[in-house]
Amino acid sequence: MVLVIDVGNTRIKGAVFEGHTLLDFFIFDENKLQKNIQNSLKKFPNVTYLVVSSVGSIEKKAFSTFEATLKVHFITRNNPFPFVNKYETPHTLGIDRMVLAAGATMLHPNRNRLIIDAGTCVTYDFIDTNNDYWGGAIAPGLRLRYESLHNYTEKLPLLSLQAPHGLTGSSTEASIHSGVVNGLVYEIDGFIDEYKAKYPNFIIILTGGDADFLANRLKNTIFANSNFLLESMNQTFQYKINND
Ligand SMILES: Nc1ncnc2c1ncn2[C@@H]1O[C@H](COP(=O)(O)OP(=O)(O)O)[C@@H](O)[C@H]1O
Ligand SMILES: CC(C)(COP(=O)(O)O)[C@@H](O)C(=O)NCCC(=O)O
Ligand SMILES: [K+]
């Protein structure tokens, strides 16, 4: 059994896998990380591997206490990956984007694929039919958009995520909800439309903390898979074991 831990810029997520089957899912509190992991391990005593990927501030040494009882693997750029990396600055590419690209390559080999991860940032990652990874786009995520409007203006309140009532916001609050939510929905639909027009037989994967909220607001019919990064971490780890 494998416990995978994804350290994002907002939240730390974990999942236990038996082979390819996800048995349980956790959100860990950064301040109680060790304790939270210990509790998950108590629930699943058959876990033998801890697999971590981080784009956040938590580094490998945070998991060193588990090295006495588990095999701890930190996913880095030195891992084997099943795609060809054509990014011009591969040394700066986010490890989460590499893991998503690996997951998409293994799930749907030799297809044109776009992975949209709506987390702290919204990342777009494109892999073509040759399994060449080209990059994509990085944009502010939903929460970040609400926070930026508040932090960089004098008069705008900090609002929490709410579905807009329509296109035209008739108050400050309604205008912010329309700008943030409709704005991101149009952005995502716009990217999807452009890629679809260019590449036939396109596969789109939507994941991240805001995936479910966004999926049923898009003009394009896309099913969200919130666990895709965790599943892809498990796949990337299996790929490493098979290729070592
Ligand atoms: N309890 C929560 N705390 C923070 N963000 C949340 C929560 N529930 C949903 N979200 C949404 O999830 C997004 C962050 O997604 P997530 O995938 O956790 O990010 P990351 O992988 O970058 O840490 C935010 O934009 C926010 O709207
Ligand atoms: C773009 C990101 C900040 C996204 O992080 P997330 O929203 O998943 O927390 C992360 O993938 C990252 O730090 N990337 C490095 C730059 C790049 O990918 O080119
Ligand atoms: K992201």
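**Exercise 1. Determine which residues come nearest to ligand 1, and where ligand 1 lies with respect to the two domains.**

Solution. The structure is a predicted model.

Step 1. Around ligand 1 there are 13 residues, and those that come nearest are G8, G119, T120, R143 and G209.

Step 2. Sorted by class, this shell contains eight polar, three charged and two nonpolar residues.

Step 3. Residues of the shell around ligand 1 are given both by domain 1 (2-74) and by domain 2 (84-233), and therefore ligand 1 lies between them.

**Exercise 2. Describe the surroundings of ligand 2: how many residues surround ligand 2, and which elements give two or more residues to its shell?**

Solution.

Step 1. Ligand 2 is surrounded by 14 residues, of which N9, G94, G119, T120 and C121 are the closest.

Step 2. Two or more residues of this shell are given by each of the elements α2 (95-107) and β8 (121-127).

Step 3. The classes in the shell around ligand 2 are seven polar, four nonpolar and three charged residues.

Step 4. Domain 1 (2-74) and domain 2 (84-233) each provide at least three residues of the shell around ligand 2.

**Exercise 3. State the order of the five strands in the open sheet, and explain why one side of β3 and of β5 is left without a neighbour.**

Solution.

Step 1. The strand order is β3-β2-β1-β4-β5, and the pairing in this open sheet is mixed.

Step 2. The strands at the edges are β3 (21-28) and β5 (71-74); each has a single partner strand, so one side of each has no neighbour in the sheet.

Step 3. On average, neighbouring strands of this sheet are turned by 20° against each other, direction ignored.

**Exercise 4. Follow strand β4 (residues 49-54) through its pairings: how many bridges join β4 to β5, and how many join β1 to β4?**

Solution.

Step 1. Strands pair through backbone hydrogen bonds, and the pairing is either parallel or antiparallel.

Step 2. On one side, β4 and β5 run parallel and are joined by four bridges. In this pairing, V52 stands opposite F74 in β5, and H73 in β5 is the bridge partner of V51.

Step 3. With β1, strand β4 is joined by six bridges, and these two strands also run parallel. Here V7 stands opposite S54 in β4.

Step 4. Strand β4 is mostly covered, since five of its six residues are buried.

**Exercise 5. Identify which strands helix α1 (residues 33-43) lies across, and which strands helix α6 (residues 228-243) touches.**

Solution.

Step 1. Helix α1 lies across β1 (2-7), β2 (12-18) and β3, and runs at about 155° to β3.

Step 2. Helix α6 packs on the sheet and touches β1, β2, β3, β4 and β5; the direction of α6 makes about 125° with that of β1.

**Exercise 6. Characterise how domain 1 meets domain 2: how many residues of each are in contact?**

Solution.

Step 1. The domain assignment of the protein chain gives domain 1 (2-74) and domain 2 (84-233). Their centres, taken over C-alpha atoms, are separated by 25 Å.

Step 2. In domain 1, 13 residues are in contact with 13 residues of domain 2.

Step 3. On the side of domain 1 that touches domain 2, β1, β2, β3 and β4 each supply at least two residues.

Step 4. By class, that side of domain 1 has six nonpolar, four polar and three charged residues.

Note on methods
Residues numbered from 1 in each chain as written. Chains lettered and ligands numbered in written order. Predicted model: local features only at pLDDT ≥ 70, side-chain atom pairs only at ≥ 80, totals over all residues. Near = placed C-beta within 6 Å. Nonpolar A, V, L, I, M, F, W, Y, C, P; charged D, E, K, R; others polar. Domains from an automatic or database assignment. Pairing = 2+ DSSP bridges. Axes fitted to C-alpha atoms, helices over the stretch in contact; angles between N-to-C directions. Contact = placed C-beta atoms within 7 Å. Buried ≥ 20, exposed ≤ 12 C-beta atoms within 10 Å, placed from the backbone.
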